[in-house]
Amino acid sequence: MTRGTRAIVVHADLGRRQRRDVSARLEEAKGLALAIGLDVCATSAFRVRQSRPATLFGSGQVEEIAALAVREQAELIVVDNNLTPVQQSNLEKNCAAKVIDRTGLILEIFGERAATAEGRLQVELAHLDYQAGRLVRSWTHLERQRGGFGFLGGPGETQIEADRRMIRDRMARIRRELEQVTRTRGLHRARRQRAPWPVIALAGYTNAGKSTLFNRLTGSAVVAQDMLFATLDPTMRQISLPGIDKAILSDTVGFVSDLPHQLVAAFRATLEEVLSADLILHVRDIAHPDSDAQKADVLDVLADLGAVAGEDDEAPADSAVPVLEVWNKVDLIDDPDHQAAIRNRAEHEPDVALVSALTGEGIEALRRRLSDILGKSHRRYEFDLNGREGAALAWLHAHGEVLSETAEADGGEVTIHVSVRMEPADYDRFARLHGDQAGLIA
Ligand SMILES: Nc1nc2c(ncn2[C@@H]2O[C@H](COP(=O)(O)OP(=O)(O)OP(=O)(O)O)[C@@H](O)[C@H]2O)c(=O)[nH]1
Ligand SMILES: [Mg+2]
């Protein structure tokens with residue numbers, strides 16, 4: 001798939017209760033296609049009463065799609081749904097064009113954006129997982145890449161087995177490499193927390209303005225543009241807040257509805273930065289017509305990661321991170337009545353800050369708010385204690401709220417990883433009392 005490829009975007013409206021209407025879905029799908037540089041010539045939605053196992057769309061609809069592709073001279077059809085391998089290959093045959101589904105498209109975008117070694121490994125892992133799922137009935141995808149494996153004979157069950165094994169081996173290797181990278185980052189995290197500076201993580205729907213706010217608050221210049229998934233790799237900078245010595249702000253990948261589960265799994269380590277934060281700033285494009293649906297999608301992903309309590313959870317998770325909603329892009333609300341209503345709502349909601357990252361409105365108030373929250377709140381610290389230091393562990397249980405505790409044996413040495421929420425003053429006391437002998441990660 002190359003930039004500038006002529007493409008049409010189609011969506012099957014399956015009539016399920018959706019958070020957004022069909023035209024908004026199509027608009028977003030078009031945005032995803034544009035994000036990878038496709039030349040989108042036409043978009044169209046089809047009401048599909050009964051999804052067909054062979055083609056998803058009804059036969060008349062397939063003809064319409066084929067005709068549209070011909071009329072627009074499109075080489076590629078983006079289907080904004082998830083397709084089975086069989087549906088994908090039948091559609092390709094019937095429409096005489098290449099077909100990519102929603103998950104495939106998002107994986108392509110991530111593949112193009114990944115800039116760090118870690119990001120590339122994560123995307124490759126997600127891609128392999130996606131391919132492995134497609135091997136069940138269709139091996140044609142891999143055939144192209146097989147190259148040197150031709151000696152194994154004609155494709156058949158044996159070939160599928162061989163492909164599966166190849167993918168499995170490669171996935172195992174990537175997982176090991178990723179573990180290594182993650183471990184290094186985990187150490188960085190521990191070192192940072194020992195400082196101990198509070199960490200604020202930005203989270204939110206793609207294009208909500210996270211990077212723009214990040215730049216506004218830190219005075220840096222990370223890429224922020226009107227494009228879905230502009231940011232992929234996490235970035236951290238120091239920000240200064242009134243009355244607070246130092247704090248770290250982290251920008252990260254945006255979310256989207258129906259984020260492929262392979263990606264969430266692969267990006268878990270990166271997204272876990274969000275989990276270990278002291279505060280999550282949930283940045284929302286409050287001027288977007290689908291703002292509420294986007295919020296629900298973001299909360300789904302955060303709940304999935306265990307950062308916030310999910311809709312079905314009875315009580316907030318122990319480790320839940322406090323969330324402040326940042327209603328961004330207030331400058332974009334044209335209708336004065338709507339603008340007034342939003343301002344009024346923001347004022348009365350306890351955990352909402354209204355800003356425009358672009359004009360700077362509300363930013364100073366947000367800074368004060370952050371100082372307030374971080375100044376008061378307990379922070380989260382992580383320790384690696386030597387198994388013999390029972391006294392240090394007991395102290396942590398007595399003075400802090402232990403969020404998790406896991407033991408790991410390496411030879412005769414037992415290390416206990418403890419994650420604790422406590423006041424910075426208590427942390428200082430702990431460090432004075434047990435610091436060196438407790439074996440803090442340094
Ligand atoms: N009018 C207006 N535009 C904004 C505001 N904040 C961000 N934008 C614009 O919204 C677009 C997306 O901003 P980004 O900061 O890249 O969004 P993001 O959340 O980092 O997006 P991803 O990294 O793609 O997930 C850019 O064109 C910004 O200039 C704002 O307060 N007002
Ligand atoms: Mg960004």
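User: Over which residues does pLDDT stay under 50 with 8 contacts beyond four places in sequence?

Analyst: This is a predicted model, and the confidence of the predictor differs along the chain, whose mean pLDDT is 82, with 85% of the residues at 70 or more. Over residues 137–154 the pLDDT is below 50, and that stretch has 20 contacts beyond near neighbours in sequence. The stretch for which the model has 8 contacts beyond four places in sequence, with pLDDT under 50 throughout, is residues 191–195.

User: Which helix gives the most residues to the shell around ligand 1?

Analyst: Ligand 1 is surrounded by 23 residues, and the closest are G209, S211, D226, T231 and G254. By class, this shell holds 8 nonpolar, 11 polar and 4 charged residues. The helix that gives the most to it, with 3 residues, spans residues 210–218 and is α8.

User: With which residues is I77 in contact, leaving aside neighbours within four places in sequence?

Analyst: I77 belongs to the largest nonpolar core, a set of 84 residues, where A7, A33, I77 and V78 have the most contacts inside the core. Apart from this core lies another, of 11 residues, including F383, I416, V420 and Y427. Once its neighbours within four places in sequence are left aside, the residues in contact with I77 are A7, I8, V10, I65, A69, L91, C95, A97 and V99.

User: Why are the buried residues of α14 on the same side of the helix, and what arc do they cover?

Analyst: In helix α14, which runs over residues 390–399, the buried residues are A392, L393 and L396. An α-helix has 3.6 residues a turn, so residues three or four places apart point the same way. The face turned away from the buried side of α14 carries the exposed residues G390, A394 and A398. The buried residues lie on the same side of α14 because the arc they cover around the axis is only 100°.

User: Is P289 buried, exposed or partly exposed?

Analyst: P289 is placed in the loop between β8 (279–285) and α11 (291–305). A residue counts as buried with 20 or more other C-beta atoms within 10 Å of its own and as exposed with 12 or fewer. Because P289 has 13 C-beta neighbours inside 10 Å, its class is partly exposed.

User: How far apart in space are P289 and R20, C-alpha to C-alpha?

Analyst: Of the contacts in the chain with a separation of 6 or more, 68% are between residues 24 or more positions apart. P289 and R20 are 269 residues apart in sequence, while in space their C-alpha to C-alpha distance is 9.2 Å.

Definitions and conventions:
Residues numbered from 1 in each chain as written. Chains lettered and ligands numbered in written order. Predicted model: local features only at pLDDT ≥ 70, side-chain atom pairs only at ≥ 80, totals over all residues. Near = placed C-beta within 6 Å. Helix = DSSP H or I, 4+ residues; strand = E, 2+ residues; numbered from the N terminus. Nonpolar A, V, L, I, M, F, W, Y, C, P; charged D, E, K, R; others polar. Core = buried A, V, L, I, M, F, W, Y, C linked by C-beta atoms within 7 Å. Contact = placed C-beta atoms within 7 Å. Arc of directions from axis to C-beta. pLDDT = per-residue confidence, 0-100.
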